[in-house]
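Q: Please take a close look at a single part of this structure, the open sheet in chain A, and describe how its strands are arranged and what packs on them.

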Amino acid sequence: MTNLYREEILDHYYNPRNSGKLTPADLVGHETNPLCGDEVTVYVKFDGEKIGQVKFEGSGCAISQAATSMLTEYLVGKSRDDLEKLDLQTILSLLKVQVGPGRLDCALLPVQAIRNAKHRASTILARQT
Amino acid sequence: MPMRNVRNDFPIFQAQPGLVYLDSAATALKPQMVLDKVNEYYTQYSANVHRGLYPLAEKSTEEYEEARATVARFLNAEPNEIIFTRSATEAINLVAHSFGRHLQERLPSNPARAAKKGRGAAIVVTELEHHSNIVPWHFVTHSTDAQGHSEQRRRVTEEKDVKLIWWPIEEDGTLDLEVLDSILENEKVGLVAVTGMSNVLGALPPIAEIVARAHKAGAKILVDAAQLAVHRPLDVKKLNVDFLAFTGHKLYGPTGIGVLYGKIDLLESMPAYQGGGEMIREVRKDCVTLKDSPHKFEAGTPPIAQAIGLGAAIEYFQSLGIDEVSRHENELTQYAVEKLSEVPGLTILGPKERGPLVAFTVEGIHPHDLATLLGEENIAIRAGHHCTMPLHAALNIPASARASFGVYTRHEDIDRLIVGLKKIQTKFVRARQKV
């Protein structure tokens, strides 16, 4: 069978890291994939210029949940700039596998959730100025 | 008599040895004779239809109209009641546009209806429906913006509006006729749009009974036969349906061809759907006159090769014997249900009495993961919501996996599916246990 479901990915799926909420959080981002029912909510707390804590809640397919779990591990200790630069490549390098076109949205789910959070944060900031 | 072995009729099995194709409900594989007939159009006569005066053009017209006659015989309808579209979806959109939008004016007056005065006309759809038999009606009954967000049309007066009413499913996925009775009694129903066979649950709504009740209440009925036409004999006169839609590519025919059947008196009373060449009698600067049905509803150069291919597909299908096909598919379905029931943690969706498909969920493994992994073993199943989001919401599941069968499906395909599922389970369970 494929590497897409290699042991590390299934491990993250069944034993997600950083599972839970963060209240209060600096960023809360949510994304669903209505086509297959995947969803994630990601919570980020900064520690100065670095990312202090990341947690997530979610349900869905192995790819989306494992990708999110891996992403939360990756993000802790990274800079705000790293958060800005999050993209498909980041996820693929974490998953360390080829993801077919039909599953790209699954892999991108946590990235999209964080983009949604950042969008909301900057909107709030804009309103305050 | 058992159905003959047809696998050699389908060239894709040479191109893809080892393919276990369990997604016929999405689209059917094609027999060589259909491909030959399509190719014959392009290589042997190839002309446009209805206009030309040279022999090749006459041949094209003859073959195209002969395909229409074949479809008519397939449904026990008249050729002028058969409209070629590009899909079942387009066929339903045609009815939504040319009939659904004018529902209020069409409702016959009778004392029972007068009692419901003050309520807008209603279109009934069921929770089983495929999006193609929901969204066209949604567009009729709701105003939508460019993003598709909608609100029920703001009512100027209740009288003028057409509204959408949902007929929910029972726990086992069947439809309760008493629920329909209640809807028909309380609302001014102009049309009931119902599937002949659910593409997820395999459920087979009792069409004859639904037709009788709808007609008694003064409503018309449209049957989405995209699945049904492939697995059960259809006689539109006997069923007495007003409209019926099916699609060629699920019936071993080419993509890009669909059929709308409509009772001739209805079609004659309906305005055209699309305008253009072929469907007109005369075009003047200030006045256009149109042809009669069916040509009134076929604007522009039709999908000629595809229609001819559909005619060949129906001939192929009928040559196998509809009874033999049914027996083959029913037997396979029973086998599949039996074998799938033995897989631990697997839940089959839908009622016992079903058409040849089985949708299911597996505990702890998302359908998309199942389908991806099975795909790597050359086993093709479908996973997701199968274009039935309201149904999945009613079942309270985000997605399901589905195996569906055709004339070329055999026991071995189901056996390979079971082996594949168990292999995936072993892999996932092993990972799960490493806590």
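A: In this predicted model, Thr32(A) stands opposite Glu39(A), a residue of β2(A). That pair belongs to the topic of how β1(A) meets its partner: seven bridges join β1(A) to β2(A), the strand of residues 38-47, and the two run antiparallel. In general, the strands of a sheet pair through backbone hydrogen bonds, and they do so either in parallel or in antiparallel fashion.

Seen as a whole, the sheet is open and has three strands in chain A, in the order β1-β2-β3, with antiparallel pairing. Because β1 (27-33) and β3 (50-59) of chain A each have a single partner strand, they stand at the edges, and one side of each is therefore left without a neighbour in the sheet. From one strand to the next, the twist averages 15°.

Helix α2 of chain A, which covers residues 62-75, packs on this sheet and touches β2 and β3 of chain A; the direction of the helix makes about 165° with that of β3(A).

For context beyond the sheet, the largest pocket holds about 480 Å³ of space. Among the 27 residues that line this pocket, His130(B), Asn199(B), Lys250(B), His386(B) and Cys387(B) are the closest to its centre, while the elements that give two or more residues to the lining are α4 (88-98) and β16 (382-384) of chain B. Sorted by class, the lining of the largest pocket consists of 10 nonpolar, 13 polar and four charged residues.

Notes:
Residues numbered from 1 in each chain as written. Chains lettered and ligands numbered in written order. Predicted model: local features only at pLDDT ≥ 70, side-chain atom pairs only at ≥ 80, totals over all residues. Heavy atoms only, no water. Pairing = 2+ DSSP bridges. Helix = DSSP H or I, 4+ residues; strand = E, 2+ residues; numbered from the N terminus. Axes fitted to C-alpha atoms, helices over the stretch in contact; angles between N-to-C directions. Contact = heavy atoms within 4.5 Å. 1 Å grid on protein atoms, 1.4 Å probe; cavity = no way out; pocket = protein on both sides within 12 Å on 5 of 7 lines; lining within 4 Å. Points joined across faces, edges and corners; volume = space filled by probe spheres on them. Nonpolar A, V, L, I, M, F, W, Y, C, P; charged D, E, K, R; others polar.
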